[in-house]
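Thank you all for making time for this. I would like to walk through one structure this morning, going from the chains to the contacts between them and then to a few single residues.

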Amino acid sequence: MPMNQALKGKEYQQVSFTVERDRVLRFADAIGEDDQVFRDPDAARAAGYPEQVAPPTFVTVMQIMTSGQAVLDEDLGLNYMMVVHGEQEYDWRRPVVVGDVLSAVPRIADIYAKGPNEFLVIEAEIKDASGETVVVARSTLLSRGTAGER
Amino acid sequence: MAAKVRFDDVRVGDQIPELRKVVKREEVKAYADASGDQNPLHQDDNFARSVGFPGIIAHGMFSMAHLVRAITDWLGDPGALKSIKVQFRAVVYMDEELVAKGEVVSLDPATKRARLRVWEEVDRAGERQLPIKNSEAEVELS
């Protein structure tokens, strides 16, 4: 079953996320990141950061929360079992650090078909507590073989 | 809070040091838990087979995290990585070796920024696969 194209442009509920030290450490461990700037607040301060820095792709933790709303949206009709990650884009304005309180309103930026596959583009402009943009995340999910007959 | 790489020391065509990693099942499980992406495609071989793969595959973001590490290791400062856009083009199975690579494609003296072409290779039975290809990053040098 193809996805519902009418949902292009749909915005979902705002998601908030506090960057916790423990979560950053676990993430650094999982990706094998041993740079102390990601592990030790003193090392981060010595490097000029206000706090322990989250690895750049830590943003994915929040993104999985934000894209979940679209992925599970029954009106969209995405078969999650057929989904693989197609593309990922990040545009950082500053690094994320421990203690950041981030929020984003996820939006379906595009839905399109190419050959047998469909593509779902989800965008989120992630802001900090003062309303400044920290990073813009854009992910393209590929739904294998669902373009089908319309 | 500045890259350890100096703009004046970099030329178009320079390669960043490659970063290798053999992908282990335990690491992919740890990544699922740390990231919150619990898709069974990355944990359950039977499920992976039911959707057409020979076994579980690594998360695309797991591969991308490794690529980003190669870039920030080279830069010596995570804040010097300004943007990245990757395309996931091949799956990665357990016990395969991911090789992250990058090459400088342009330099802007006005901003001291460099554009890199970045990619990831896996050797599978003598054939080179590209789990990440046609991808680029922008970095700010000192």
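Before I begin, one term has to be settled: when I say that two residues are in contact, I mean that their C-beta atoms, placed from the backbone, lie within 7 Å. Please also keep in mind throughout that what you see is a predicted model. The predictor gives the complex an ipTM of 0.95 and a pTM of 0.96, and for chain B the mean pLDDT is 97, with 100% of its residues reaching 70 or more.

Let me start with chain A. This chain holds 3 helices and 6 strands, and if you follow it from the N terminus on, the order of its elements is β-α-α-α-β-β-β-β-β. Along its principal axes, the C-alpha trace of chain A spans about 60 × 30 × 20 Å. Of the 150 residues in chain A, 36% are buried, and among the contacts in this chain with a separation of 6 or more, 75% are between residues 24 or more positions apart.

Now to the helices, beginning with α1 of chain A, which covers residues 21-30. Which residues of this helix are buried? They are Val24(A), Phe27(A), Ala28(A) and Ala30(A). Around the helix axis these residues cover an arc of only 160 degrees, which means that they sit on the same side of α1(A). As a general reminder, an α-helix has 3.6 residues a turn, so residues three or four places apart point the same way. The buried residues of α1(A) pack against α3 of chain A, residues 59-71, together with α1 of chain B, residues 25-35. Just after α1(A) comes Gly32(A), which takes a positive phi of about 70 degrees.

Turning to α1 of chain B, we find Tyr31(B), Ala34(B) and Ser35(B) buried. Seen down the axis of α1(B), these buried residues fall within an arc of 85 degrees, and therefore they line one face of the helix. What covers them includes α1 and α3 of chain A together with α3 of chain B, residues 60-75. Just after α1(B), there is again a glycine to point out, Gly36(B), with a positive phi of about 90 degrees.

That brings us to the contact between the two chains as a whole, where 28 residues of chain B are in contact with 31 residues of chain A. On the side of chain B that touches chain A, the elements giving two or more residues are α1, α3 and β2 of chain B, the last being residues 81-88. The residues on that side divide into 14 nonpolar, 8 polar and 6 charged. The strands take part as well: β2 of chain A, residues 83-92, is joined to β2(B) by 5 bridges, and the two run antiparallel. Within β2(B), Lys85(B) stands opposite Glu89(A).

Next, the interior. The largest nonpolar core has 74 residues, and those that touch the most other members are Leu67(B), Ile71(B), Leu81(B) and Val139(B). The largest share of this core, 10 residues, comes from α3(B). If we leave out residues up to four places away in sequence, Leu67(B) touches Val86(B), Ala100(B), Val118(B), Glu120(B) and Ile132(B).

I will finish with three residues in loops of chain B. In the loop between β3, residues 97-108, and β4, residues 113-124, you will find Lys112(B), whose phi is near 60 degrees, a positive value in a residue other than glycine. Lys112(B) counts as partly exposed because it has 18 C-beta neighbours inside 10 Å. In the loop between β4 and β5, residues 127-140, there is Ala125(B), which has a positive phi of about 50 degrees although it is not a glycine. Is Ala125(B) buried or exposed? With 5 C-beta neighbours inside 10 Å, Ala125(B) counts as exposed.

The third is Met94(B), in the loop between β2 and β3 of chain B, which is partly exposed, with 16 other C-beta atoms within 10 Å. Setting aside residues up to four places away in sequence, Met94(B) touches Val23(B), Lys24(B), Arg25(B), Gly55(B) and Ile56(B). The C-alpha atoms of Met94(B) and Ala58(B) are separated by 7.2 Å, while the two residues are 36 residues apart along the chain.

Key. Residues numbered from 1 in each chain as written. Chains lettered and ligands numbered in written order. Predicted model: local features only at pLDDT ≥ 70, side-chain atom pairs only at ≥ 80, totals over all residues. Buried ≥ 20, exposed ≤ 12 C-beta atoms within 10 Å, placed from the backbone. Helix = DSSP H or I, 4+ residues; strand = E, 2+ residues; numbered from the N terminus. Arc of directions from axis to C-beta. pLDDT = per-residue confidence, 0-100. Nonpolar A, V, L, I, M, F, W, Y, C, P; charged D, E, K, R; others polar. Pairing = 2+ DSSP bridges. Core = buried A, V, L, I, M, F, W, Y, C linked by C-beta atoms within 7 Å.
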